[in-house]
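Student: I would like to learn how to read a structure like this one, feature by feature. Could you take me through it?

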Amino acid sequence: MRGAGTPLCLLLLAQLSRTQPPERPVFTCGGTLTGESGFIGSEGFPGVYPPNSKCTWKITVPQGKVVVLTFRFIDLESDNLCRYDFVDVYNGHAGGQRLGRFCGTFRPGALVSSGNKMMVQMISDANTAGNGFMAMFAASEPNERGDQYCGGRLERPSGSLKTPNWPERDYPAGVTCVWHIVAPKNQLIELKFEKFDVERDNYCRYDYVAVYNGGEVDDARRIGKFCGDSPPAPIVSEKNELLIQFLSDLSLTADGFIGHYKFRPKKSPTTTAPPITTPVPVTTGLKPTVAQCQQKCRRPGSLESNYCSSNFVLAGTVISTAARGGSLLATVAIISISKEGGLAIQQAGKNMSAKLLVVCRQCPALRRGLNYIIMGQVGEDGRGRVLPSSFVMMFKAKNQKLLNTLKSKRCPH
């Protein structure tokens with residue numbers, strides 16, 4: 001009898017096992033996932049992820065729906081520019097616009113694709129630190145996004161973009177929004193912010209709006225990074241695509257923003273440009289003229305007299321220089337900044353730097369390893385322009401007090 005009862009016992013055990021909660025999923029490096037919902041995670045999660053790896057997950061939900069990706073946990077090697085270990089999220093499977101790059105322990109808000117496909121890629125270098133990530137994907141109806149989502153692809157000749165909850169209440173913490181504006185090939189995009197209030201920080205490290213030329217986040221093509229309560233100056237794309245990224249961290253929030261865009265035709269090359277009435281040209285395509293670069297190089301006026309006429313004022317160390325035709329591209333590590341004026345600032349850890357174009361290579365002469373006070377203009381691409389008429393002098397510690405005083409100076413508009 002005992003032997004005859006064994007199969008029944010095994011059957012009961014088998015039935016019992018079916019009622020037990022499912023085992024924790026095993027996460028491998030990449031994969032293809034289809035269906036209404038599911039989970040993805042770094043290889044070996046929640047254990048430490050392996051070094052020197054590149055893992056790609058391709059997600060497909062039913063046709064006619066969009067993918068909503070929500071990070072439940074993220075812990076990757078931390079770097080302000082996410083250069084070492086990071087997770088990239090893309091619209092579509094191949095060649096799609098990048099919706100965001102994430103590292104450290106910052107958990108972004110929900111990311112939404114414009115179609116039924118999304119790609120997630122994680123890359124780690126030789127040195128790892130952390131337990132990786134775990135995220136959930138789910139299919140959603142495109143018209144169910146409501147206020148909790150934002151972003152998307154915009155192809156109409158004009159339109160608006162705004163932060164979630166605008167204008168009733170502050171935008172939520174932990175949100176990532178990406179708008180990809182695409183105009184016809186022969187047109188440009190003009191973007192203006194009507195109202196703007198994003199958590200203030202001198203270097204826009206926490207909550208910010210970043211605007212890029214093209215359809216993919218790439219610092220080489222970043223026009224500017226903005227925060228605070230002053231609307232950025234109107235922005236015009238170089239070509240027919242513009243990408244706007246809004247990111248809020250998990251702490252303070254603010255009113256948010258509303259912006260409007262419109263397509264406009266490219267200017268005909270035969271059109272005569274109107275005369276420049278501003279004292280210093282600040283266009284992105286600023287090129288030195290022979291006459292401009294032959295003028296005598298001298299420092300005009302003083303720190304005080306040049307402060308208001310300059311877009312940016314900083315003290316910094318020249319860490320690298322590269323010749324660009326008759327100009328010089330200098331990377332300057334920032335010691336202090338008194339006036340930012342839309343200057344694009346890079347951050348790596350606690351170190352801040354900016355790229356400046358010295359329009360005439362010899363005037364003013366900037367040498368690697370030396371400290372300077374530099375004043376100049378800012379082009380539409382966020383890069384600083386230093387002209388022969390710009391004020392530049394050697395920086396000494398005793399100058400800092402005057403720079404701090406100038407920081408509170410009110411300039412006429």
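Tutor: Gladly! Let's start with a term we will need: a residue counts as buried when its relative accessible area is under 20%, and as exposed when that value is over 50%. Keep in mind that this is a predicted model.

Student: What share of the residues in the chain count as buried?

Tutor: Of the 413 residues, 48% count as buried. The chain exposes about 21,600 Å², and carbon and sulfur atoms supply 52% of that area.

Student: Which secondary structure elements does the chain have, and how many?

Tutor: The chain holds four helices and 25 strands. Contacts tell us how the sequence is brought together: among those between residues at least 6 apart in sequence, 77% join residues at least 24 apart.

Student: Let's try aromatic pairs. How many are there?

Tutor: Rings are paired by the distance between their centres, with a limit of 6.5 Å. By this rule the chain has 12 aromatic pairs. One of them is F27 with F45, an edge-to-face pair with 6.0 Å from centre to centre and 70° between the planes. F27 sits in the loop between helix 1 (2-19) and strand 1 (31-34), while F45 sits in the loop between strand 2 (37-41) and strand 3 (53-60), so this pair links distant parts of the chain, 18 residues apart.

Student: Are F27 and F45 buried or exposed?

Tutor: Both F27 and F45 are buried. Now compare another pair: F71 and F133 are tilted, at 5.9 Å centre to centre and 55° between the planes. Because F71 belongs to strand 4 and F133 to strand 9 (residues 132-140), this pair ties together parts that are 62 residues apart in sequence. F71 and F133 are buried too.

Student: Which rings form a cluster?

Tutor: Ring pairs link Y171, W179, F193, F196, F246 and F257 into one. Rings can also have a charge over the face: K225 lies over Y208, at 4.4 Å from the ring centre, and K339 lies over Y307, at 4.9 Å from the ring centre.

Student: What should I look for in a nonpolar core?

Tutor: In soluble globular proteins, nonpolar side chains tend to be buried together. Here the largest nonpolar core has 61 residues, and L69, F71 and F133 touch the most other members. Another core, of 21 residues, lies apart from it and includes V318, L328, A354 and I374.

Student: Which residues does L69 touch?

Tutor: Leaving out residues up to four places away in sequence, the contacts of L69 include I40, I59, V89, L111, V120 and F137.

Student: How do I read a sheet?

Tutor: Strands of a sheet pair through backbone hydrogen bonds, either parallel or antiparallel. A good example is an open sheet of four strands in the order 2-9-4-7, with antiparallel pairing. Strand 2 and strand 7 (111-112) are its edges, each pairing on one side only. Strand 4 and strand 7 are joined by two bridges, and V68 has V112 in strand 7 as its bridge partner.

Student: Which strands does strand 19 pair with?

Tutor: Strand 19 (residues 312-324) pairs antiparallel with strand 23 (residues 371-378) over six bridges, where A315 is matched with I373. Strand 19 is also joined by 11 bridges to strand 20 (residues 327-339), again antiparallel, and L314 has I337 as its partner there. Strands 19 and 20 form a hairpin with two residues between them, and G325 in the turn has a positive phi of about 65°.

Student: And what are the partners of strand 13?

Tutor: Strand 13 (residues 187-197) pairs with strand 18 (residues 256-265) in the antiparallel sense over 10 bridges, with E190 opposite K262. Two bridges also join strand 13 to strand 16 (residues 235-236), antiparallel as well; L191 is matched with I235 there.

Student: One last feature: where is C82, and what does C82 touch?

Tutor: C82 is found in the loop between strand 4 (66-75) and strand 5 (86-91). With a relative accessible area of 10%, under the 20% limit, C82 is buried. Setting aside residues up to four places away in sequence, C82 touches R101, F102 and C103. The C-alpha atoms of C82 and C103 are separated by 5.7 Å, although these residues are 21 apart along the chain.

Methods: Residues numbered from 1 in each chain as written. Predicted model: local features only at pLDDT ≥ 70, side-chain atom pairs only at ≥ 80, totals over all residues. Heavy atoms only, no water. Pairing = 2+ DSSP bridges. Buried < 20%, exposed > 50% of the residue type's maximum accessible area, 1.4 Å probe, protein only. Contact = heavy atoms within 4.5 Å. Core = buried A, V, L, I, M, F, W, Y, C linked by side-chain atoms within 4.5 Å. Areas by Shrake-Rupley, 256 points an atom, 1.4 Å probe, with all protein chains shown as cover. Phe/Tyr/Trp six-rings, centres within 6.5 Å; stacked < 30°, edge-to-face > 60°. Lys NZ or Arg CZ within 6 Å of the ring centre and 35° of its normal.
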